[in-house]
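The following exercises concern helix packing, sheet architecture and empty space in a protein model. Please examine the sequence and the structure before reading each solution.

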Amino acid sequence: MPPRLSSAIAWKKLQQHQKEISRTTLSELFAANPRRAEQLSVEASGLFLDYSKNLVDNKTLALFDALAEELGFTAACQALRQGNPVNHTENRSALHGALRDAHGTSVYVNDVDITAGIQQAKVQMAEFVDALHRGNTLGGSGKPILDVVNIGIGGSYLGPKMVVEALTPYQQKTVRCHFIANIDGTEITEVLENLNPETTLFIIASKSFSTKETLCNAIAARKWVCQNPLLEAAIEKHFVAVSSNIPAAIEFGIKESNVFPMWDWVGGRYSLWSTIGLPIAIAVGMTHFQAMLDGAHEMDQHFFNTKPRDNMPFLLAMLQIWYNNFFAANSHAVIPYDHDLRSLPEYLQQLEMESNGKRVDSTGTPVDYATGSAIWGGAGTNGQHAYHQLFHQGTQLIPVDFIFPLTTHNPVSDHHAILIANCLSQSRAMLVGKTLEQATEELLQQGLSRDAAKKLAPHKVIPGNRPSNTLTMEELSPARLGALIALYEHKVYAQSIIWDINAFDQWGVELGKQISNEIYQTLASSDKDAHYDPSTNQLIKRFKEANRK
C-alpha cells in the first residue's frame, strides 16, 4: 500500500528542493539552459504544452516522477481504465472514457459489458438528431421544431453549454440550442420570451429526475407550453429527457421512447460525452460530436500509455500541486485567448473544485496538506483590463494556463495576430517583469526629473518570476476541443491520486441541499417560525416581510 503523502520520501525531498529552487528565478533558469523551452514542452492529441515558464528544473521533474512511482500512480490510472470502483465512497466506477472509445472495447461493470448500451444510446441520439435537422420532428400543432432548450444544472448544463459555444463555427443553422439552469425565474423568463412554444422542444437533463432546480424549471416550461390550447393535449411532443429515472419522466409527461439513458458509472461533471451531450449533437451534428469523442479518446490513450515525465495531464497536475502545496498558491487562473472558449474557466471550476475540494483521504483521515485550488479566469484580452494587474503586481502567487488556437475561424484584418501578441506578452511579462532600474530609466527617458522618477519608479516595478503554462492547438476543432477537455479531466484525476482523495464524489454539496429544503418550508409558510441561527432567522424575517407587501 502506498505511504501517506506527507510521509512519502519524494514528498519530503520536494519540500527540501523547493527551498533550493526558490533561490533562483525563471530568467536564470532560461539563461542556464538555451534549450529549456524545447525540453520543457510536450505534444499530444493535437495539443502543444509549453511548461518551460515554471519554477522547475530537471531535479524537480525527476522528483515528480519519483513521487508518482512511490504513490502507485500507474496502477491507479489502470484502475480507472479497467472500471474498478475508483469512486469508493459510492462503490462506483468512473467510466466516462468508455463513452469515447469508438472501437467499442469491452468494459464490464458488475460483470455486464456496458459497450452495447453505449452504442445503442448513440444510435438513439443519431436518429433523434437526424429527424430534428431534417425538419421531421413536429410539435403539437404540426410545426417543425426550431428551438431546443436544455434544462439542467451542474454537469448537465456547464459542459454542454461550454461545448456548444466553443464549436460555434460548426453549428448547423436549422435548430437553435438554448440553456437554462438557474432556479432564478429571471433566466427562464428571458430565454422563453423570444421563443414560440409551438416550435420549441425541451430536454430535461437530470439523472435522478428529482434535482430541485431542474424539476422546477421543467414544470415552469411545461406550464408555458400548456398555455397554448393546441399543445396541451400533445405535451409529449415538446419534451424529452436524459435520465435514469424512467418512471418519473413518464409521470411528467414524456414518452418512454424519448427518454435517453444515463448510467451510474458516469458522474455529472464528466457526462458531456454521454446522452447529456444531446444538445451538443443537436447543435453541431453527430459527425462533429463523434469527432469530439475521438479527440478525447486520443488524450485517453496518451494519459494511460505515457510515462509521467512526458504525460501532459500528469505534468499539469504536478505543476499545480507544486505551487499549491509548496508555494501556498491557493488559486489557479485559466485564460483562453479565444472568444468561443469564454465559458471554459466556468466549466473547469466545477470539474476541478467539485472533484478535488476534499478534506479527507481515501481512508477517511483528515489530510495534513492542501488539496484543490480555486479555479477562475475568463477570455483574453478582456481580463488584461480587469484582473491581470493581480498577476503582475499582487502579493499572491497565481499560476496561469494560457490557451489559444494558432489559427482562427473568424479572420478579421489582423485581429488574431494582435490577440495572440497580447497572450504571449502576458506570459512573457509574468516571466521577466520590470526592475526598479528599468522603471527608473523609462521615466527618465520620458522627461521626468531624477527625484520624480525615484518617487514613481517603485509603483511601476513588476517582480516577474510568475509561473504560467501555454497550451496551443492548430485550430479549435471538435477533436481538439475533446482532447482539451479530456486533458483537464485526467489532470484532475492525476491530482486525486497524488493527494489520495476521491475525485468522483461530492458529498459537500449535500448539506446545503438539506438545509435549503428546510428553509424553503419556513419561507413558504406564513405561520412557521424560523428556528435557525440568529443571522438566518433575521434574513428569513426580512424576506417574509418583503413578500407580504
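**Exercise 1. Determine at what angle helix H5 and helix H13 pack, and which residues meet.**

Solution. Helix H5 (residues 73-81) and helix H13 (residues 286-305) pack at about 145°, and their axes lie 9 Å apart. Axes here are lines fitted to C-alpha atoms, for helices over the stretch in contact, and angles run from 0 to 180 degrees between N-to-C directions. Helices (H or I, at least four residues) and strands (E, at least two) are DSSP runs, numbered from the N terminus.

Next, the contact itself, defined by heavy atoms within 4.5 Å: H5 contributes Phe73, Cys77, Gln78, Leu80 and Arg81, which meet Gln301, Phe303, Phe304 and Asn305 of H13. By class, this contact has 5 nonpolar, 3 polar and 1 charged residues. Ala, Val, Leu, Ile, Met, Phe, Trp, Tyr, Cys and Pro count as nonpolar, Asp, Glu, Lys and Arg as charged, and the others, Gly among them, as polar.

The model is predicted: local features need pLDDT of at least 70, side-chain atom pairs count only at pLDDT 80 or more, and totals for chains, interfaces and linings use all residues. Residues are numbered from 1 along each chain as its sequence is written, and side-chain values use heavy atoms, with hydrogens and water left out.

**Exercise 2. Establish the strand order of the open sheet, and which strands form its edges.**

Solution. The 6 strands follow the order E1-E2-E13-E12-E10-E11, with mixed pairing. Strand E1 (41-44) and E11 are the edge strands, each pairing on one side only. Two strands pair if DSSP finds at least two bridges between them. On average, neighbouring strands are turned by 20° against each other, direction ignored.

Two of the pairings may now be inspected. Strand E12 (residues 400-405) and strand E13 (residues 468-473) are parallel and share 6 bridges; isoleucine 403 stands opposite leucine 471 in E13. Helix H20 packs on the sheet, where it touches strand E2 (47-50), E10, E12 and E13, and its direction makes about 150° with that of E13.

Strand E10 (residues 331-336) and strand E11 (residues 374-377) also run parallel, joined by 4 bridges. Between E10 and E11 the chain passes through helix H15 (residues 344-356), in a right-handed β-α-β crossover. Right-handed means that, with the strands pointing away from the viewer, the path from the first strand over the helix to the second runs clockwise.

**Exercise 3. Describe the largest pocket and the largest cavity: what volume does each have, and which residues line them?**

Solution. Rolling a probe the size of a water molecule over the atoms shows where empty space is left. On a 1 Å grid over the protein atoms alone, a cavity is a set of points where a 1.4 Å probe fits but cannot get out, and a pocket is an open set with protein on both sides within 12 Å along at least five of seven lines; lining residues have an atom within 4 Å of a point. Grid points are joined across faces, edges and corners, and a volume is the space filled by probe spheres set on the points.

The largest pocket has a volume of about 1,200 Å³. Of its 40 lining residues, Thr211, Gln506, Val509, Glu510 and Lys513 are the closest to its centre. Its lining divides into 13 nonpolar, 17 polar and 10 charged residues.

The structure holds 1 cavity of 30 Å³ or more, and the largest cavity has a volume of about 50 Å³. Among the residues lining this cavity are Leu99, Met125, Trp263 and Trp273.
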